[in-house]
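Please look through the sequence and the structure below before reading on. The report then takes up a few parts of the fold in turn.

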Amino acid sequence: MTCYEDLMYRGLIKDISSPELEKKLNNEKLTFYIGTDPTADSMHIGHFSSFLIATRLAKYGHKPILLVGGATGLIGDPKPSQERQMITREQVEKNVEGLTKQAKDIFGFEVVNNYDWIKDISTIDFLRDYGKYINVNYMLDKDIISRRLETGITFCEFAYTILQGLDFVTLNKTKGVTLQVAGSDQWGNITTGIELARKKENVELYAFTMPLVLDSNGVKFGKTEGNALWLDKNKTTSYELYQYLINADDNCVIDYLKKLTFLTKEEIEEIEKKHKEQPEIRMAQKKLAEEVITFLHGKEEFDKALEISEALFTDKIKTLDAKTLKENFKDVPTFEVDGDVNILDLLVNNNICTSKREAREMVSGNAISINNEKITDLEYTVTKKDAIDNEVIIVKKGKKKYFLGIYR
């Protein structure tokens with residue numbers, strides 16, 4: 001497949017600025033950029049497909065530049081319904097440092113910071129050199145701005161689209177960038193850059209956007225009850241990422257394989273065939289987890305995540321040490337255990353069950369286990385002997401709810 005055909009097969013193109021771009025992607029070596037604002041010190045899995053496309057295009061000979069918005073991050077692009085909360089300059093600088101290191105470590109490409117060229121532009125220069133070329137009516141027509149007119153939008157966020165357009169023009173002049181790639185929610189900002197370059201510099205720039213990767217409920221991929229799954233393994237362990245990916249919806253997993261891996265069309269079609277024949281073995285989800293975690297953290301981390309996952313569903317859980325369990329269950333509800341305690345009291349006192357009645361039903365119904373051993377005796381006493389390394393117990397309620405108990 002050509003570069004363009006590959007992107008289309010994987011569903012990675014939503015909007016395109018010009019029909020000419022197909023030929024350019026297939027026959028030229030373009031320098032392009034993709035950016036993110038430093039709202040945190042790590043990217044999360046929702047960023048992954050967007051930034052992975054940099055690696056994908058590089059394989060076809062195009063040159064990626066990753067932009068971290070140290071300047072635009074001080075403002076933030078307009079949210080759908082309300083003004084963004086400002087974050088401090090100190091926090092932005094810390095986030096820029098973290099994202100820059102992460103982008104270089106994971107993707108290995110050149111990283112730039114738009115604060116380097118925006119910080120020296122005076123208000124007068126900004127209005128004369130950039131604001132002069134963008135009509136207010138043009139800005140009001142953009143969905144990213146028009147959707148906020150009823151609730152109100154400050155000039156601060158209103159001007160954001162020009163700042164992003166300024167980035168495109170600056171990178172064209174200093175780095176030879178002629179293409180911008182971004183998520184579909186950035187289309188309005190991208191086209192401002194194209195408009196600005198055409199009017200100010202008489203240069204034709206190009207862009208395409210990717211559809212946002214969503215789960216079966218239409219929620220952005222990578223969001224779990226409002227909590228991001230971070231690409232930094234110190235913030236989200238490989239095991240936690242494995243658990244998220246292995247539970248991907250059957251109706252979405254093939255789409256994820258196309259967007260989030262480098263498997264070939266033939267490999268994906270073979271997996272899809274086997275997945276439809278035996279969806280219960282979750283072959284597609286397992287392959288997704290292997291490809292993503294290996295790319296992000298390396299094969300050793302994937303093997304470790306797989307070992308922990310398999311141990312939790314067998315009697316091998318006691319082969320894991322307390323340190324490993326605490327690291328990989330840091331985001332599950334945690335409680336302290338002080339001495340010997342009856343199983344029902346343990347469940348109720350630590351909010352694992354809402355009442356003694358529910359606790360009795362759970363125990364009697366074989367729905368409670370400690371370190372993967374079923375507890376069926378209502379009089380059972382949990383002691384330090386149950387703990388791994390005399391320190392940790394993993395309480396499982398039902399099929400998926402885990403709780404971490406730590407002995408004092």
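How many of the 5 residues of strand 5 (residues 206-210) are buried? In this predicted model, 5 of the 5 are buried, so strand 5 is largely enclosed by the rest of the structure.

## Strand 5 and its partner

The residues of strand 5 point in two directions: Tyr 206, Phe 208 and Met 210 go one way, while Ala 207 and Thr 209 go the other way, and all of them are buried. This fits a general pattern, in which the side chains of a regular strand alternate between the two faces of the sheet.

Strand 5 pairs with strand 4 (residues 179-183) in the parallel sense, and 5 bridges join the two. Within this pairing, Ala 207 in strand 5 stands opposite Gln 180.

## An open sheet of 5 strands

Elsewhere, 5 strands form an open sheet with mixed pairing, and their order is 8-14-13-10-11. Strand 8 and strand 11 (373-374) are the edge strands, each of which pairs on one side only.

At one edge, strand 8 (residues 334-337) runs parallel to strand 14 (residues 401-407), to which 4 bridges join it, and Val 337 has Tyr 407 in strand 14 as its bridge partner. Strand 8 has a covered face with Phe 335 and Val 337, whereas Thr 334 and Glu 336 belong to the uncovered face. At the other edge, strand 11 pairs with strand 10 (residues 368-370) in the antiparallel sense over 2 bridges, and here Glu 373 in strand 11 is the bridge partner of Ile 370.

## Two helices that pack together

Helix 14 (residues 265-277) packs against helix 15 (residues 283-297) with the axes 8 Å apart and at an angle of about 140°, which means that helix 14 is oblique to helix 15.

On the side of helix 14, the contact is made by Ile 271, Lys 274 and His 275, which meet Met 283, Ala 284, Gln 285 and Lys 287 in helix 15. Sorted by kind, the residues of this contact are 3 nonpolar, 2 polar and 2 charged.

## A buried threonine

Thr 192 is found in helix 11 (residues 187-201). Is Thr 192 buried or exposed? Thr 192 counts as buried because its relative accessibility is 0%.

A polar atom of the side chain of Thr 192 lies 3.1 Å from the backbone oxygen of Gly 188. If neighbours within four places in sequence are left aside, Thr 192 is in contact with Ile 134, Tyr 138, Lys 142, Thr 161, Ile 162 and Gly 165.

Note on methods
Residues numbered from 1 in each chain as written. Predicted model: local features only at pLDDT ≥ 70, side-chain atom pairs only at ≥ 80, totals over all residues. Heavy atoms only, no water. Buried < 20%, exposed > 50% of the residue type's maximum accessible area, 1.4 Å probe, protein only. Pairing = 2+ DSSP bridges. Polar contact = N/O pair within 3.5 Å; in protein donor to acceptor, adjacent residues only side chain to side chain. Contact = heavy atoms within 4.5 Å. Axes fitted to C-alpha atoms, helices over the stretch in contact; angles between N-to-C directions. Parallel < 35°, antiparallel > 145°, perpendicular 65-115°, else oblique. Nonpolar A, V, L, I, M, F, W, Y, C, P; charged D, E, K, R; others polar.
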